[in-house]
Amino acid sequence: MRLQAWAIIVVLAVITAGCTASKKTAADQQHILAAPNPIAMPSESSEDDEFDLIDEDLEKQLEEQKVKISDPLKPVNRIMYHVNDKLYFWVLRPTARAYKAVAPKPVRTGIRNFFNNLTTPVRFISCHLQGKHKAAGRELHRFAYNTTVGVLGFGDPAKDKLGLEPADEDLGQTLGKWGLGNGVYLVLPLFGPSTVRDGLGLVGGQFLNPVRYVKPAETSYGISAGQITNENSFRIGEYEAFKDAAIDPYIAMRNAYIQYRNKKVQE
Amino acid sequence: MKSLWCALLVFLVAGQGVDAGDKDPNDPNELLRAKSGAVVEDPNDPNELLLSKWDAVVKDPNDPNELVRAKWDAVVKVLQAKDLDKKVKERLIGKIVSPMFDFPLMAKLVLGRRHWPKLTPPQREKFTRLFTERLKTSYLEKTKLYTDEKASLKPAVRKKTVIYIPMQLLSKDKKIAILYKLRKVDKRWKIYDVEIQGVSILLTYRSQFDDILRRGTVTDLLSKLEKRPAR
């Protein structure tokens, strides 16, 4: 029941976001369309002899690879980005650090494996929906082997012994593969950068996540919190390095996220 | 009049000769001058002496694979060394890695056709310097995260004037795909972009600078670049 309510809220939020944004979206898209057109500026190109032919080639490539994403919710997204940023530095990182200090690495790796094993359904179905039936079969094989030989998935002998790599697929990628564009950029509380498409994938993914079916709901969310902390304990320093390298972390995050997801969809 | 032209010609030729002599890497005098110059620069700098010990041995600098591989190994060796101070490590790595990046080209490309021409020559110089600094720090921070991994190079892909070298970093709990993009400059292969997990650093910076320059001025951009990361 709670889950459904949650799903409805997310869907509603996305829809209302789309409505309020529609006016701005057009303007934003025009903005984007107008951007990658270096030839349209004859005054600049004639006075500039700094770009030689090879640079020109690379310049063209970069323009082609340019990330196109509309972000009509930018003011809200920026606020959400800062909330998440503070959440990370004030809550998530200290928690992950404290946890890392007491839980030895093999334990943390085991827990990580356990959750990876538990979320097999999303990957299995996403593989099938994308026509990657071999990869889906591999996921099933991994699940069977790790649940038994790997003792409920705490070990990953499927990878270590059989050399079966997990498939990094989710529903957002599946929708992308089907031709659904990113849609509007979103920064979700706690989840971070996303898009309407990936948000939908995330909601669908929750239906396929066994943890969500644990009753009562408090326990279910508690388990997820534990999972997030465990995962974060492996990634301390990544966000910090990213932020230090950025000039405008919000824009950098948006751009990097879209590049990353586009690549994933392509694969 | 004729003698004037002759004199001018002689002057030009002589100038060319001197210029060429300056740049000839095979000229032993030039090499000596450069070497001693480097030492004189700061005789008390222990990094200068350390560098020769830690720097990568690139057997064939014309082979980009070999270059990337050797440099990566050297960096990892420095990072894993237990008897070196953290600051020394960072400076060493900077010195090992810097020669293989084409920072001026990266600076130009990151602003692109759209924004680079807006900068005056001094601004260009300043921008290049600041951006280079930022890239070096960023490289260092990212590399520190990935030193436990085993690196393996995959076959390079050549595209006209550029070459892409994929590298895979593998560890028990992480798998990271890195793609080095190199271009030949003065007969040397140099990196002009790096993709980590499909994310190009050049594109990420381009989007940020583009956003800043659309809303603000070049001065804004430079002051933002000059600020140390807030943390």
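In which loop of chain A does Pro216(A) lie? The points below address this and other features of the model, which is a predicted one.

1. Cis peptide bond. Pro216(A) is situated in the loop that runs between α10 (196-207) and α11 (217-235) of chain A. The peptide bond leading into this proline, from Lys215(A) to Pro216(A), is cis, and its omega is near -5°.

2. Positive phi in chain A. Another loop residue deserves a check of its backbone. Leu152(A) is not a glycine, yet its phi is positive, at about 60°. The loop that holds Leu152(A) lies between α7 (133-148) and α8 (157-160) of chain A.

3. Helix α13(A) against helix α8(B). Helix α13 of chain A (residues 249-266) and helix α8 of chain B (residues 201-215) have axes that come within 9 Å and cross at roughly 140°. Because of this angle, α13(A) is oblique to α8(B). The crossing in which α13(A) passes α8(B) is right-handed. On the side of α13(A), the contact is made by Ile251(A), Ala252(A), Asn255(A) and Gln259(A). On the side of α8(B), Leu203(B), Thr204(B), Ser207(B), Gln208(B) and Asp211(B) take part. By residue class, this contact between α13(A) and α8(B) comprises three nonpolar, five polar and one charged.

4. Helix α12(A) against helix α7(B). A second pair across the two chains joins helix α12 of chain A (residues 238-245) with helix α7 of chain B (residues 121-145); the axes come within 9 Å and cross at roughly 175°. An angle over 145 degrees counts as roughly antiparallel, so α12(A) is roughly antiparallel to α7(B). Chain A contributes Glu238(A), Glu240(A), Ala241(A), Asp244(A) and Ala245(A) from α12(A). They meet Arg134(B), Ser138(B), Glu141(B), Lys142(B) and Leu145(B) from α7(B). The residues of this contact of α12(A) with α7(B) fall into three nonpolar, one polar and six charged.

5. Helix α7(B) against helix α9(B). Within chain B, the axes of α7(B) and helix α9 (residues 218-226) come within 10 Å and cross at roughly 30°. Angles under 35 degrees count as roughly parallel, and α7(B) is therefore roughly parallel to α9(B). The two helices, α7(B) and α9(B), form a left-handed crossing. From α7(B), the residues involved are Gln123(B), Lys126(B), Phe127(B), Leu130(B), Phe131(B) and Arg134(B). Their partners in α9(B) are Val218(B), Leu221(B), Leu222(B), Lys224(B), Leu225(B) and Glu226(B). The contact of α7(B) with α9(B) contains seven nonpolar, one polar and four charged residues. Arg134(B) appears in the contact with α9(B) and also in the contact with α12(A).

6. Internal cavity. How many cavities of 30 Å³ or more does a search of the whole structure find? The search finds one, and the largest cavity holds about 30 Å³ of space. Its lining draws on both chains: Leu58(A), Gln61(A), Leu62(A) and Gln65(A), together with Lys181(B), Tyr192(B) and Asp193(B). The elements that each supply two or more residues to the lining of the largest cavity are α3 (53-65) of chain A and β5 (188-196) of chain B. Of the elements, α3(A) gives the most to this lining, with four residues. By class, the lining of the largest cavity divides into three nonpolar, two polar and two charged residues.

Conventions
Residues numbered from 1 in each chain as written. Chains lettered and ligands numbered in written order. Predicted model: local features only at pLDDT ≥ 70, side-chain atom pairs only at ≥ 80, totals over all residues. Heavy atoms only, no water. Axes fitted to C-alpha atoms, helices over the stretch in contact; angles between N-to-C directions. Parallel < 35°, antiparallel > 145°, perpendicular 65-115°, else oblique. Left-handed = near helix turned anticlockwise from the far one by under 90°. Contact = heavy atoms within 4.5 Å. Nonpolar A, V, L, I, M, F, W, Y, C, P; charged D, E, K, R; others polar. 1 Å grid on protein atoms, 1.4 Å probe; cavity = no way out; pocket = protein on both sides within 12 Å on 5 of 7 lines; lining within 4 Å. Points joined across faces, edges and corners; volume = space filled by probe spheres on them.
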